[in-house]
Every structure is written in structure tokens, then in C-alpha cells.
Amino acid sequence: MLKKISKIPFHGTDEQEAELRAVINESKHDKHLLMAVMQKAQDIYGYLPYEVQVMIAEGMDVPLEKVYGVSTFYAQFALSPKGKYNVSVCLGTACYVKGSQAVLDEICEVLGIGPGECTEDGKFSVEECRCVGACGLAPVFTINDDVYGKSSPEQVRAILAKYE
């Protein structure tokens, strides 16, 4: 049995469910459209919570494990919602060599969540990425569209406090 990944309770609306069910009904005749349905579901909800995966599996008549397998194999799918402030830490070679893992560890410690998770209040989410194209500023992390270069673990609390 698959378990819920997110700590945040699922709050889908009736409108979202109706939209997803319409997408499923259009595609349920062709199991090859599973990934397309999942992409549309993520567009509708912003991520693929357990409850949405169940709706897709039942509607497309595929095992839940298949839906979960696809959602965890492809990086385009998220199992947890994104926070109002999405923190993305570069773990590409230049950033990693300059200490981005320590920056990521401190961010996770301060927020009380790990990569791929969202705080219970929905304010912050954390993710790892491979390159943000600012290698000269390594180590780099972003919060939404704000870029923080030459960062250190000691700076993390003050930077996150700006978003409180």
C-alpha cells in the first residue's frame, strides 16, 4: 500500500475533481495516455497527491502502483505541494564543491523539512536542482525568482527570515 508523502492535508475542490474526471473520461480508452492525464492532473492541482493518484488509477483502470511509479520516475511530477516560497538549492558540480550541500542541510534544518517537502503551513518548500546557470556565484540557491549567490549555512536563517 502506498502512503501519503505530504504532511499537508489534501484540499482539492469539487471544481478540480470535476475537471480531472473530465480529463480521465476523455482518455480512459487508451492506457498509453496515462502520462498525459497525470500531466493535466498536476496542472489542475499543482502536484499529484495520493488522492489524485487514486482517482487516476481507478479512472484509467490501471494499478495505483503504476501511477505512483510514473510519478516518482519522472522529475516533472511532484508528490508534495510547492510552498508559497519555493527554495531550490543547486547541487551542480560548481555549487556542490563550494558547499551547497551544507547550505541545503541548514535550510532543511531551519524549516524542519527535507527536499521535496513543504512546510505544514504551506509557506516553504525545498527542492534540489542540478544547475541554475550561475556557477560563478557558487554556491547558489533561489527562493522563487530571488537568487542568493556565494551563500553559506550561516546566512540561511537571515535570508529565510525575509520571507516570514
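Ala, Val, Leu, Ile, Met, Phe, Trp, Tyr, Cys and Pro are counted here as nonpolar, Asp, Glu, Lys and Arg as charged, and the others, Gly among them, as polar. With these classes in hand, the lining of the largest pocket sorts into nine nonpolar, seven polar and four charged residues. The structure under discussion is a predicted model.

A look at the overall fold helps to place this pocket. Seven helices and four strands make up the chain, and read from the N terminus the elements follow the order α-α-α-α-β-α-α-β-β-β-α. Along the principal axes, the C-alpha atoms fill a box of roughly 55 × 30 × 30 Å. The chain has 164 residues, of which 45% count as buried. Among contacts between residues at least 6 apart in sequence, 64% join residues at least 24 apart.

The largest pocket holds about 390 Å³ of space. Its lining comprises 20 residues, and A75, F77, A78, K82 and G116 are the ones that lie nearest the pocket centre. Two elements, α4 (64-73) and β2 (124-129), give two or more residues to this lining. The most comes from β2, which provides four residues.

Turning to the interior, the largest nonpolar core contains 22 residues, and those touching the most other members are L20, L34, M38, L48, V52 and I56. The elements contributing two or more residues to this core are α1 (14-27), α2 (34-45), α3 (50-60) and α4. Helix α4 thus appears in both settings, giving two or more residues to the pocket lining and two or more to the core. A good residue to follow on screen is L48: leaving aside residues up to four places away in sequence, L48 touches M38, A41, Q42, Q53, I56, S71, F77, A78 and L79. Of these contacts of L48, F77 and A78 are also among the residues nearest the centre of the largest pocket. Apart from the largest core lies another, of 19 residues, including Y85, V89, I113 and I159.

One further site deserves a closer look. S151 sits in the loop between β4 (146-148) and α7 (153-161). Is this serine, S151, buried or exposed? S151 counts as buried because its relative accessibility is 7%, and the cut-off for buried is under 20%. A polar atom of the S151 side chain lies 2.9 Å from the backbone oxygen of P139. Not counting residues up to four places away in sequence, S151 touches V103, P139, V140 and F141. P139 therefore features twice around S151, as a residue it touches and as the owner of the backbone oxygen in a pair that falls within the 3.5 Å limit for a polar contact.

Technical notes: Residues are numbered from 1 along each chain as its sequence is written. This is a predicted model: local features need pLDDT of at least 70, side-chain atom pairs count only at pLDDT 80 or more; totals for chains, interfaces and linings use all residues. Side-chain values use heavy atoms; hydrogens and water are left out. On a 1 Å grid over the protein atoms alone, a cavity is a set of points where a 1.4 Å probe fits but cannot get out, and a pocket is an open set with protein on both sides within 12 Å along at least five of seven lines; lining residues have an atom within 4 Å of a point. Grid points are joined across faces, edges and corners, and a volume is the space filled by probe spheres set on the points. Buried means under 20% relative accessible area, exposed over 50%, partly exposed in between (1.4 Å probe, protein chains only). A polar contact is a pair of N or O atoms within 3.5 Å; within protein, one must be able to donate a hydrogen and the other to accept it, and residues adjacent in sequence count only if both atoms are side-chain atoms. Contact means heavy atoms within 4.5 Å. A nonpolar core is a set of buried Ala, Val, Leu, Ile, Met, Phe, Trp, Tyr and Cys residues joined through side-chain atoms within 4.5 Å.
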